[in-house]
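Please open the model in a viewer and keep the sequence panel visible. The tour below proceeds by selection, from the whole chain to individual residues.

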Amino acid sequence: VFASLGTVLALAGAIGLKFDFSSFKRGELQNFTQQLSQEEYKDNIQSLKIINYYGTLNVSMSDEANDLSLAYTSYDEKDVSFTVSSNGLLNISKGGSIAKPTEWYNAFGYFEKKGTLDIVIPSSWALKSISFDVRKGTVIAQNLRIDQQIVTLYNGKIQMNTIAGKNLEITTYNGKAMVENATFDDLTRIRQTSGKVVINNLSTKVVSFQTSLSQLNVALQASMKECNVQIAKKVLSSTNLKNQELTDNVHH
């Protein structure tokens with residue numbers, strides 16, 4: 001029986017079919033909430049790191065919120081975990097390691113974990129940095145006003161809307177990064193091995209590109225009069241830089 005099932009799945013994979021085992025022996029999706037009170041955490045957390053392995057993650061900043069809140073839908077409360085280190089780093093992980101063994105019915109990878117995680121950060125917490133480690137799934141970040149914002153994208157997608165700070169760093173190994181309405185006082189740095197990066201309406205003093213075998217589209221704010229563009233030599237290829245004043249010099 002198992003051999004026959006394996007043969008069927010292998011043949012289905014070869015012709016592009018996909019079986020949905022997302023609810024097999026998993027039960028029903030449930031709702032969970034977690035509050036990190038400002039009395040206990042506000043002065044102890046300096047930075048935030050979020051790791052996403054699957055599903056959808058929403059992150060936003062609110063002037064009205066006092067406590068940092070986690071609200072999520074998953075099969076198990078343990079699907080989301082958080083730790084606070086001695087140096088003030090709050091680490092929130094959605095999902096488990098993608099390297100763990102698969103179940104017998106998932107031998108061919110046809111198993112997609114679902115669920116959402118909503119994180120609301122109080123503006124009054126004044127975090128120094130936030131970093132996103134996106135392994136898979138979709139991340140949507142909005143209204144972040146944090147000095148250091150770092151994105152490492154291995155796969156999946158991240159969408160950042162109306163963000164501001166001092167430095168923005170995006171590193172992609174695959175996947176797609178979309179940024180809309182970004183204002184950074186000092187540096188915007190993009191490093192691409194593969195994948196796609198699109199930034200619209202960017203205001204920054206220095207923008208630095210290092211990209212290969214990937215697609216890059218950057219549109220600076222129309223009101224900008226000055227921007228220093230730095231490009232690492234011999235690594236820029238298959239790239240589109242969209243800006244009227246810079247197109248002649250930096251369009252490949």
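**Whole chain**

Begin with a cartoon of the entire protein, which shows two helices and 15 strands; helices (H or I, at least four residues) and strands (E, at least two) are DSSP runs, numbered from the N terminus. This is a predicted model, in which local features need pLDDT of at least 70 and side-chain atom pairs count only at pLDDT 80 or more, while totals for chains, interfaces and linings use all residues. Residues are numbered from 1 along each chain as its sequence is written, and side-chain values use heavy atoms, with hydrogens and water left out.

Next, colour by pLDDT, the predictor's confidence in each residue, from 0 to 100. The average is 81, and 73% of the residues score at least 70. Of the elements, helix α1 (residues 2-14) has the lowest mean, 57, and strand β10 (residues 148-153) the highest, 98. Over residues 237-252 the pLDDT is below 50, although this stretch has 33 contacts in the model beyond near neighbours in sequence. Contact here means heavy atoms within 4.5 Å.

Now display the surface. The protein exposes about 13400 Å², of which carbon and sulfur atoms supply 48%; accessible areas come from the Shrake-Rupley method with a 1.4 Å probe, and for residues only the protein chains shown count as cover. Buried residues account for 43% of the 252 residues, where buried means under 20% relative accessible area, exposed over 50%, and partly exposed in between (1.4 Å probe, protein chains only).

**Strand β3 and the core**

Select β3 (56-62) together with strand β7 (residues 116-122): the two run parallel and are joined by seven bridges. Two strands pair if DSSP finds at least two bridges between them. Within this pairing, S60 has V120 of β7 as its bridge partner. Add strand β9 (residues 138-142), which pairs with β3 in the parallel sense over five bridges; here N58 stands opposite I140.

Which residues have the most contacts inside the largest nonpolar core? Select V59, I119, I121, I130, F132, L144 and I158, which hold that position in a core of 49 residues. A nonpolar core is a set of buried Ala, Val, Leu, Ile, Met, Phe, Trp, Tyr and Cys residues joined through side-chain atoms within 4.5 Å. Centre the view on I121: leaving aside neighbours within four places in sequence, its contacts include V59, L68, L127, I130 and L144.

**The loop after β3**

Move to D63, in the loop between β3 and β4 (68-74). Is D63 buried or exposed? D63 counts as exposed because its relative accessibility is 59%. Its side chain makes polar contacts with the side chains of S123 (2.7 Å) and R145 (2.8 Å). A polar contact is a pair of N or O atoms within 3.5 Å; within protein, one must be able to donate a hydrogen and the other to accept it, and residues adjacent in sequence count only if both atoms are side-chain atoms. W125 lies 62 residues from D63 in sequence and 9.9 Å away in space, C-alpha to C-alpha.

**Two further stops**

Select I150, in strand β10, which counts as partly exposed because its relative accessibility is 31%. Beyond neighbours within four places in sequence, I150 is in contact with I130, S131, F132 and E169.

Finish at S214, in the loop between β13 (196-211) and β14 (215-220). S214 counts as buried because its relative accessibility is 5%. Q192 is 22 residues from S214 in sequence and 6.7 Å from it in space, C-alpha to C-alpha.
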